[in-house]
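Trainee: Could you take me through this structure slowly, and show me how each term is justified?
Mentor: Gladly; let us look at the whole chain and then at single residues.

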Amino acid sequence: MFGEFKISRKYKNNDTIIKIKKTEIGGDNLVIIAGPCSIENREMIFKIAKAVKEAGGHILRGGAFKPRTSPYDFQGLGEEGLVFLKEAGEMYGLLTVTEVVDTRDIETVKKYVDILQVGARNMQNFALLKELGSCGKPVLLKRGLSATIKEFLMAAEYLMVHGNEEIILCERGIRTFETMTRNTVDISVIPFVRQQSHLPIIIDASHGTGIRTLVEPVTLAGIMAGANGIMIEIHEVPEEAVSDSEQTLDFETFKITCEKSRKVHNLKTTL
Ligand code: PEP
Ligand code: MN
């Protein structure tokens, strides 16, 4: 179906496994990525990093350049936030990921994190994709708000054509007629991508559902469908998070979700 493209299993049959330090992303590994929606201050990201580590997580996430719907909403701490993210990651032995929204920020962001994220709103920002193709670091590519699977995979193809083979795809829900949930998680994209592409795909049920109590069940469903990893937004006091509070988990709930995630992943790999 995608035979002529670099993202396809025809181009490369074996799963792409992205190795960063001791963490392997792809194949039979389950990678756990967690952190706040936005880095708010130094202390909070350190507390969160500790919670991620204690729950068995691998990668600390945190937004510093935030793509907010309203220009009046908190836009992130910028480079200062990245300094905190890097320090917290190093302190707890976690890899780091953050979103880059502008080609002009790539060089700066690259200095601080292990993985650069392309947000849903930028999935078809082709200038950004082209630049990230040659950035020399893995890219976490989120599915666009209304992107078809083909558009999603072609965005990854842009990165590959421009030289980057280390791509992690992320299903974070798409916009449908449904309004009870923030987005509609497309579970079928996970096995579809696993069948058609060698690239790893993870599930972000936080943005996918927008509702705290739905994060765990949808995360587990994603793993059962074949997701190579999970991304979850967490905060010490979720109600006080400056962005995406309603979908943010507290540390204890997150820890339990991680335990269940590993169980489901073990079951999935032994089926
Ligand atoms: C995020 O992960 O911080 C984010 C903004 O998500 P998305 O791009 O999927 O909306
Ligand atoms: Mn968020």
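**From the chain to its residues**

Mentor: The secondary structure of the chain comes to 9 helices and 10 strands, where helices (H or I, at least four residues) and strands (E, at least two) are DSSP runs numbered from the N terminus. This is a predicted model, in which local features need pLDDT of at least 70 and side-chain atom pairs count only at pLDDT 80 or more, whereas totals for chains, interfaces and linings use all residues. Residues are numbered from 1 along each chain as its sequence is written, chains are lettered from A and ligands numbered from 1 in the order in which they are written, and side-chain values use heavy atoms, with hydrogens and water left out.

Trainee: What makes the chain as compact as a globular protein of that length?

Mentor: The radius of gyration, taken over C-alpha atoms, is set against the globule rule, 2.2 Å times the number of residues to the power 0.38. The chain has a radius of gyration of 17 Å, close to the 18 Å that the rule gives for 271 residues, so the chain is as compact as a globular protein of that length.

Trainee: Why is Thr98 called buried?

Mentor: Buried means under 20% relative accessible area, exposed over 50%, and partly exposed in between (1.4 Å probe, protein chains only). Thr98 has 1% relative accessibility, and therefore counts as buried. Thr98 lies in strand β5, residues 95-99, and, leaving out residues up to four places away in sequence, touches Gly62, Leu82, Val109 and Ile115, among others, a contact being heavy atoms within 4.5 Å.

Trainee: Why is Asn13 called exposed?

Mentor: Asn13 has a relative accessible area of 55%, so Asn13 is on the exposed side of the definition. Asn13 lies in the segment before β1 (18-20), and its C-alpha is 9.5 Å in space from that of Gln196, although the two are 183 residues apart in sequence.

Trainee: How do you know that the count of disulfides comes to 0?

Mentor: A disulfide is a pair of cysteine sulfur atoms within 2.5 Å, and by this rule the count comes to 0. Cys170, for example, is in no disulfide, since the nearest cysteine sulfur, that of Cys37, is 13 Å away. Cys258 is likewise in no disulfide, the nearest cysteine sulfur being that of Cys170, 15 Å away.

Trainee: Is Cys258 buried or exposed, and why?

Mentor: Cys258 has a relative accessible area of 0%, and is therefore buried.
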